[in-house]
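Dear colleague,

I am handing over the structure below, together with an account of what was found in it. Please read the text with the structure open beside you.

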Amino acid sequence: MKKRKALTAIALSAALVASCLAGCGKKTETGSTADSGKTKITFGVFETDNITSEVWQNMIDSFEKDHPDITVEKVLATGDDRQAFWKTMLSSGSFPDVVIEAEQLATMEGIFTEVPQDVQELFDDTTLCQYNGKCITVPSFKQYKMQCYYNKSVFKDLNLEEPQTWDEFMNVCQTIKDAGQTPLMCGGTGDIWATGEPFWIAEGDTALLSKYPDFNKELKEGTNKWNNDTTVDVLTKWQDMVNKGYYYDGAMSLSYSQAAEEFKKGSAAMMVDGSWQAAGLDSESNEDFGVFALPTMDGSKITVADCSYWGVSETCENKDAAFQFIKYVFDENQDVYKTYLQADGLYSTTKKAVTYDQGNVTTKFIDNIADNDTVQEIVKLPGENAAPSGMQSFMDKSFQNIFNGADVKTEVESWDTEYQRLLDAQ
Amino acid sequence: MKAKKRAVTILQTVFLIILAVIVLLPIYIAISNTFKVSDIILDQPLSLPIPPTIQNIVSVIKSPNTNMLEMYRNSTILMVAGTALTVIVSSMAAYYLARVKTKFSGMLRVYFLIGIMVPYVIVYMPLCILLRNLSIPFGVPVLIFVFVSGNISFATFMYTNYIHSLPIELEEAAEIDGATRFQVFWKILFPLLRPCTTTIAIFVGLGIWNDFQTPLLLGQIKTITVGIYTAVGPYSADWGVVFAYVFFAAMPVILVYLVAQKNFVNGLTAGALKG
Amino acid sequence: MKKKRMSIGFAAPAFVIYTMLLVIPIMMAFYFSLNKWNGFNAMQFIGIENYINVFRDARLGNAVINTLIISVVVIIFVNVLGLFLAMLVNTASVKSNIFRTIFFIPFVLSTVAISFVWKSILSYNGVLNGMLTTFGQEGLIGNWLGSHGSAIVCIIIVEIWRTLGYHMMLYLAALQTVPHELYEACTVDGGNRWNKFRHVTLPLIVPGMTVSFLMSIINELRMYDVVKIMTDGGPGYDTETIVYNIVSQGFSNSMVGYSSAISVVLFLAIGAISVFIVTKMNQKEVEM
């Protein structure tokens, strides 16, 4: 009798746990197939000041209207470290069916599924890339990276022209400094990337890639190192700029939005930033700021432009629906694609190019680099020679160390160590 | 002699007042600046919000990227369900541990105790992978059980000690009257555990409400803490709005604390003292 | 009368939940720590290599040092000041009650809310610098959260502010166990305030002190939230703590094996410290 009660109790509690587990488990199954004969796909995105939830909602709504048999559920990456978010989702098996920043995750084998030929054909060949000989991601947009925004009134007051060479740029900085103002703004502890990444992309990537066009490949094969004269030179010059007081005093305790806000308020005359800033200024019809391409140190005419990639998960149960969604956005209804691009000042990667009316700042931004060759940012290069994920955030921290006076040589040495360690781990 | 004693008392009071001001100042800054426009915040951070503005609160509620209701709902569900479940399963387990004197029950007691020392960071990654292998998606239901698992050690330990201190006669008498063990526990013993339950409920409930790491790392469930952490990002340039978010996170807790102050102090310190 | 046997069923639900979601994950962490694994592809058994790396990792070493600096300063501060405060408010007056209520408030608030408030105060364009400008003290303006050295001080201040009231309450509870007659006896023997403290209070609150020390050590070694929100470990690595390091190795770098190894070491360290303190303090109790 007693024994039976004991067994009942155990069974009950087991059932309690099991039913909970099963209940949750079922949700995935019914979730991805159908409630009422509808196919469902999940769509992993992130949102920014420019790419708001409305942009995604617009995309999803019009797709669902034209494809009533498929529903799309948005999965929003939150928190500050999106790569960490996707990896958590991956580790937990809740990875979305379609993910909009696939380039770094694609370096891990078996995450994304191969893209069908007809989908590949929609895109510009130069932007497609392969991992282990397979095309597993599609390029979603091209984005021109870091140029230097400046406060027009400061430049006017001090009779400054947009600098064409590195020396002229240094002169501009010094003149502003001598006039008792702060030349440059950047972000700090709130958004680690905002400290050194913009400057590094504009100067470091360009310097390295003009000297070693195959830097990524060489790095991976071990024939080249981060720790070379070019890297050390760029970073030493940057540290000098910091030491000369070119940067805003409190920069290191600002988040990116705070830094951008301070820049717009006039706390510093210039800020190195991406094309999204141009789009943001245009959407406010703000005419107070101009933009020039930061002169490269060696005078080479190259510009960093990154492509971003979407991927369809290998574990997706409705791959057809997922690719249908991709075809819809990039081909069938390019209006939604256009809205997406326009929101953040992005450029299309499809064979059927998509253009939109650009505001003044964006137009200037593009004119600045019209004659330049474009290259891909070293740590964001997709495909076989991609840098291991985690390298980016490691470098961002390292820039902060350098900003605060750490020895450049030691820091750059640690890049090589970390690069190997991360490569090893993946 | 008397004068000296007086002087000491006054000195003590002055010291306490200064310290109290230091402790309260950040809280005052947060609350008063919630109701000021952002320009004034930096110029006169200490002034009273006169005239008060609800602009910051409104912009938080209206913000398209935050859903205050959802955050409150998730946090409340987690807190209530997590606390209730912890209380139920732990008190039952403690009943067994306290009233059965076998080697096995002794071992079980130690087994439950280990959890107290665990730095919780150790389990996040394995939990993610465990959930994947069982194909359970992240979500509030799973998180409830995760919180329960993290609190069982503490709660069981507290209940076991408490039940030990209660006389067994009452239970025996009830059993003679023909009550089953189950009835004895729920009808006789559980009501007697009330002081202990209050303590545990506050410790566990507050812990869940304020927890940041667990919902952040296990699927970024939008609780009040994670929600505010992610929402503040784009608005960090505007302190008024940041303060308004803090206001939403802290106000319920401060109010409940001021009402049930004694219970809070007992709940949060008793656990440590008994341990 | 035949004694009814107690059913193990009572302990079963707790046992199942606890085992499934806490014990098994801990065992998994032990297992992961012996492997090279990114959490996704095939695992590769590498024995204790991860553990060897733990002791070679300079960035982790830096995090350990940061954690120790924060812990030691905070632990000393909150325990000394906490005891002192507890003695001051250890009276049954309304005044004491109000002070207790006030000092305890920070501890009931979420660390997220607290961190944002302090961030807004200490940021370069935050409240503190704003106040300094208003009072015409521009010379004192500092980049508190962004400079090498001062960021960690900010973290320490916030931690002390947050936990002081809690430790005061712990000591208060301990003080209330000291029988009043003993103080009177000491006065009769001609003891002054110091004698009373040294020979009556201190020996009797050793258990409370153990608890307070232990709690502060455990809390500070697990430190994450405040650092994550206020400085995100920065500038550079200046305020990275052990737990911050574990999270970034595990979640951002997908080094599941390695991050598990660090957390296992942390687990063992906390266990060892706890046992050490409890036994040491027990000895002290006897001596005193």
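**Chain A: overall build**

Chain A is divided into two domains, of which domain 1 takes in 35–144 + 307–344 and domain 2 takes in 147–273 + 388–425. Please bear in mind throughout that this is a predicted model. Taken over C-alpha atoms, the centres of domain 1 of chain A and domain 2 of chain A are separated by 31 Å.

In secondary structure, chain A holds 16 helices and ten strands. The radius of gyration of chain A is 24 Å, which is close to the 22 Å given by the globule rule for 426 residues, so chain A is as compact as a globular protein of that length. Measured out along the principal axes, its C-alpha trace spans about 90 × 50 × 45 Å. Of the 426 residues of chain A, 58% count as buried, and among contacts in chain A with a separation of 6 or more, 73% come from residues 24 or more positions apart. The accessible surface of chain A comes to about 16900 Å², and 47% of that surface belongs to carbon and sulfur atoms. Chain A carries 37 positive and 67 negative charges, and the mean positions of these two sets are 9 Å apart.

**A covered helix in chain A**

Which parts of the model do the buried residues of α3(A) pack against? Helix α3 of chain A, residues 82–92, is mostly covered, with ten of its eleven residues buried. These buried residues are Q83(A), A84(A), F85(A), W86(A), K87(A), T88(A), M89(A), L90(A), S91(A) and S92(A). Within chain A, they pack against β1 (39–45), β2 (70–76) and β3 (98–99), while the partners from the other chains are α6 (121–133) and α11 (213–217) of chain B and α12 (242–252) of chain C. The cover of α3(A) is thus drawn from chains A, B and C. Just after α3(A) comes G93(A), which takes a positive phi of about 80°.

**Chain B**

Chain B has 14 helices and zero strands, so that, with the radius of gyration at 24 Å against the 19 Å that the globule rule gives for 275 residues, what we have is a helical chain that is more spread out than a compact globule. Along the principal axes, the C-alpha atoms of chain B fill a box of roughly 70 × 70 × 35 Å.

Chain B is divided into domain 1 (2–53) and domain 2 (62–274), and the C-alpha centres of these two domains lie 34 Å apart. The contact between them takes ten residues from domain 1 of chain B and eight residues from domain 2 of chain B.

Buried residues make up 56% of the 275 residues in chain B, and of the contacts in chain B between residues at least 6 apart in sequence, 71% join residues at least 24 apart. Chain B exposes about 11600 Å², of which carbon and sulfur atoms supply 71%. There are 18 positive and 10 negative side chains in chain B, and the centres of the two sets lie 9 Å apart.

**Chain C**

Chain C contains 13 helices and two strands. Its radius of gyration is 24 Å, whereas a compact globule of 288 residues would have a value near 19 Å, and its C-alpha trace spans about 85 × 75 × 35 Å along the principal axes.

In chain C, buried residues make up 62% of the 288 residues, and residues 24 or more positions apart account for 68% of the contacts with a separation of 6 or more. About 11400 Å² of chain C is exposed, with 69% of that area supplied by carbon and sulfur atoms. The mean positions of the 18 positive and 14 negative charges of chain C are 12 Å apart.

**A glycine in chain C**

Is G82(C) buried or exposed? G82(C) has its place in helix α3 of chain C, which covers residues 58–88, and with a relative accessible area of 0% G82(C) is buried, because the cut-off for that class is under 20%. Leaving aside residues up to four places away in sequence, G82(C) touches F77(C), L164(C), M168(C) and Y171(C). As for P203(C), this residue is 121 residues from G82(C) in sequence and 17 Å from G82(C) in space, C-alpha to C-alpha.

With kind regards

Note on methods
Residues numbered from 1 in each chain as written. Chains lettered and ligands numbered in written order. Heavy atoms only, no water. Domains from an automatic or database assignment. Helix = DSSP H or I, 4+ residues; strand = E, 2+ residues; numbered from the N terminus. Rg over C-alpha atoms; globule rule 2.2 N^0.38 Å. Buried < 20%, exposed > 50% of the residue type's maximum accessible area, 1.4 Å probe, protein only. Contact = heavy atoms within 4.5 Å. Areas by Shrake-Rupley, 256 points an atom, 1.4 Å probe, with all protein chains shown as cover. Lys, Arg positive; Asp, Glu negative; His and termini not counted. Charge placed at Lys NZ, Arg CZ, Asp CG, Glu CD.
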